[in-house]
Amino acid sequence: MNYRALGRTGWRISEISFGAWAIGGSWGNVDDNESLATLHAALDRGVNFFDTADVYGDGRSERLLARLKKERREKFYVATKAGRRLPAQTTEGYSRKNLTAFVNRSLKNLHTETIDLLQLHCPPTGVYYQPEVFGILDDFVKAGKLRHYGVSVEKVEEALKAIEFPNVQSVQIIFNIFRQRPAELFFTEAQKRKVGILARVPLASGLLSGKMSHASRFAKDDHRNFNRRGEAFDRGETFSGVDFETGLKAVEQLKKRVPPGASLARFALRWILEFPAVTCAIPGAKHPAQITDNLAASDLPPLSKASLKGIGRLYDSAIKPLVHHYW
Ligand SMILES: NC(=O)c1ccc[n+]([C@@H]2O[C@H](COP(=O)([O-])OP(=O)(O)OC[C@H]3O[C@@H](n4cnc5c(N)ncnc54)[C@H](OP(=O)(O)O)[C@@H]3O)[C@@H](O)[C@H]2O)c1
């Protein structure tokens, strides 16, 4: 495992880290024992950063991470999120009273006195124009409830605005072979300000593992079933906003580029690691075998120039016209 600096926190975190949404909920049935085994497997292989949220399984994901902490001695960092417990996403909802309640609940779920990193959880764009919200987060740091804070955003424009606040240490944003716009301007700006970047949805909700086909079906309570058109939350969170059939066709082209012995998942994650501005990718995993596969991306050699160019051409022709301008 290789480690990269996260913003100005002084932390060095695993370049392939762990996304703990699926082990909480909204991805079909998951078994806590299997999830815990997956978390242990990640720690065994050098992962030291886990991303969760208070709403993942209504706290189930946070509580699994608290169990992991109890069962292991190694130091690892947990980043959680706040804001999505609001009944409706309004700027006013990001008040001191509400944020205090969310943070206190996460502290309890995580069995800790201080949250390592708290991220605003894709708040409405207006929140980035409310310095007082960031002032509240500064107060939480002073009070010892948080070590650091950052944001999770939907749009590049939100990311650019968020990093104007000097104590934002990290920006979590969708970045993968099917979502390349963050690399255009935002990465340079984040690097200038030494802000960490957490690349989320790195496998486009599993599509970039290459295992899916026209015949793939998803459980009723899996967002790959119920959020295909953004019915429950931003459409970009499911398959990166790429229409499933279009994605499958592009995946067939990508498969031809995978070096012998590697999987498409590893290849897709390795592509993300080619960008030095990225601190880590946070693929989700429900089974130990998935984390083993994903972590092997860190051992792959850098991708060839021809591979990078080929991926760029595929994105430009098949994906970019459909998604680039939205996020
Ligand atoms: N708004 C936000 O802040 C936000 C939104 C989305 C995600 N996130 C964070 O980002 C993390 C990653 O994104 P994500 O979980 O949405 O998507 P992802 O990482 O692109 O996809 C994860 C899913 O792909 C499948 N998978 C993973 N590794 C695989 C492998 N090697 N081979 C085959 N299938 C594999 C698993 O599901 P199956 O086995 O069921 O196919 C897994 O749950 C989340 O866990 C969460 O921490 C944050």
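In this predicted model, 41 residues line the largest pocket, and Trp21, Ala22, Trp27, His223 and Glu237 are the ones that lie nearest its centre. The volume of this pocket comes out at about 870 Å³. Sorted by class, its lining is a mix of 17 nonpolar, 13 polar and 11 charged residues. Two helices, α7 (223–226) and α10 (288–295), each put at least two residues into the lining. The largest share comes from α10, though that amounts to just 3 residues.

Aromatic rings come next. The count comes to 20 aromatic pairs. Take Trp21 and Tyr56: their rings are stacked, with 5.8 Å from centre to centre and 25° between the planes. This pair links distant parts of the chain, since Trp21 sits in the loop between β3 (18–19) and α1 (32–44) while Tyr56 sits in the loop between β4 (49–51) and α2 (60–71), 35 residues apart. Trp21 has a relative accessible area of 18%, so this residue falls on the buried side of the 20% cut-off. Tyr56 is buried too, at 10% relative accessibility.

A second stacked pair is made by Phe134 and Phe165, with 3.9 Å between the centres and 5° between the planes. Phe134 belongs to helix α4 (residues 131–142), whereas Phe165 is found in the loop between α5 (156–162) and β8 (168–174), so the pair ties together parts of the chain that are 31 residues apart in sequence. Both Phe134 and Phe165 are buried.

Back at the pocket, Trp21 and Trp27, both listed among the residues nearest its centre, also turn up in one aromatic cluster, together with Tyr56, Phe226 and Phe233. Charged side chains meet rings elsewhere in the model: Lys69 lies over the face of Phe76, 5.0 Å from the ring centre, and Arg235 lies over the face of Tyr326 at 5.1 Å.

Helix α4 holds another phenylalanine, Phe140. With 5% relative accessibility, Phe140 counts as buried. Setting aside neighbours within four places in sequence, Phe140 is in contact with Leu99, Thr100, Val103, Lys145 and Leu146. Gly46 is another matter: its C-alpha atom is separated from that of Phe140 by 30 Å, and the two residues are 94 places apart along the chain.

How much of α9 (264–273) is buried? Of its 10 residues, 9 are buried, so the helix is largely enclosed by the rest of the structure. The buried set is made up of Leu264, Ala265, Phe267, Ala268, Leu269, Arg270, Trp271, Ile272 and Leu273. What do these buried residues pack against? Their partners include three strands, β1 (3–5), β9 (196–200) and β10 (280–281), along with the helices α8 (244–255), α10 and α11 (305–323). Helix α10 thus appears in two settings, as a packing partner of α9 and as a contributor to the pocket lining.

Just beyond α9, Thr279 is placed in the loop that leads from this helix to β10. Thr279 has a relative accessibility of 3%, so this residue counts as buried. Not counting residues up to four places away in sequence, Thr279 touches Arg4, Ala5, Leu6, Ile13, Glu15, Gly196 and Ile197.

Terms used: Residues are numbered from 1 along each chain as its sequence is written. This is a predicted model: local features need pLDDT of at least 70, side-chain atom pairs count only at pLDDT 80 or more; totals for chains, interfaces and linings use all residues. Side-chain values use heavy atoms; hydrogens and water are left out. On a 1 Å grid over the protein atoms alone, a cavity is a set of points where a 1.4 Å probe fits but cannot get out, and a pocket is an open set with protein on both sides within 12 Å along at least five of seven lines; lining residues have an atom within 4 Å of a point. Grid points are joined across faces, edges and corners, and a volume is the space filled by probe spheres set on the points. Helices (H or I, at least four residues) and strands (E, at least two) are DSSP runs, numbered from the N terminus. Ala, Val, Leu, Ile, Met, Phe, Trp, Tyr, Cys and Pro count as nonpolar, Asp, Glu, Lys and Arg as charged, and the others, Gly among them, as polar. Buried means under 20% relative accessible area, exposed over 50%, partly exposed in between (1.4 Å probe, protein chains only). Contact means heavy atoms within 4.5 Å. Rings of Phe, Tyr and Trp (its six-membered ring) pair if their centres lie within 6.5 Å; planes under 30 degrees apart count as stacked, over 60 as edge-to-face and the rest as tilted. A charge sits over a ring if NZ of Lys or CZ of Arg is within 6 Å of the ring centre and within 35 degrees of the ring normal.
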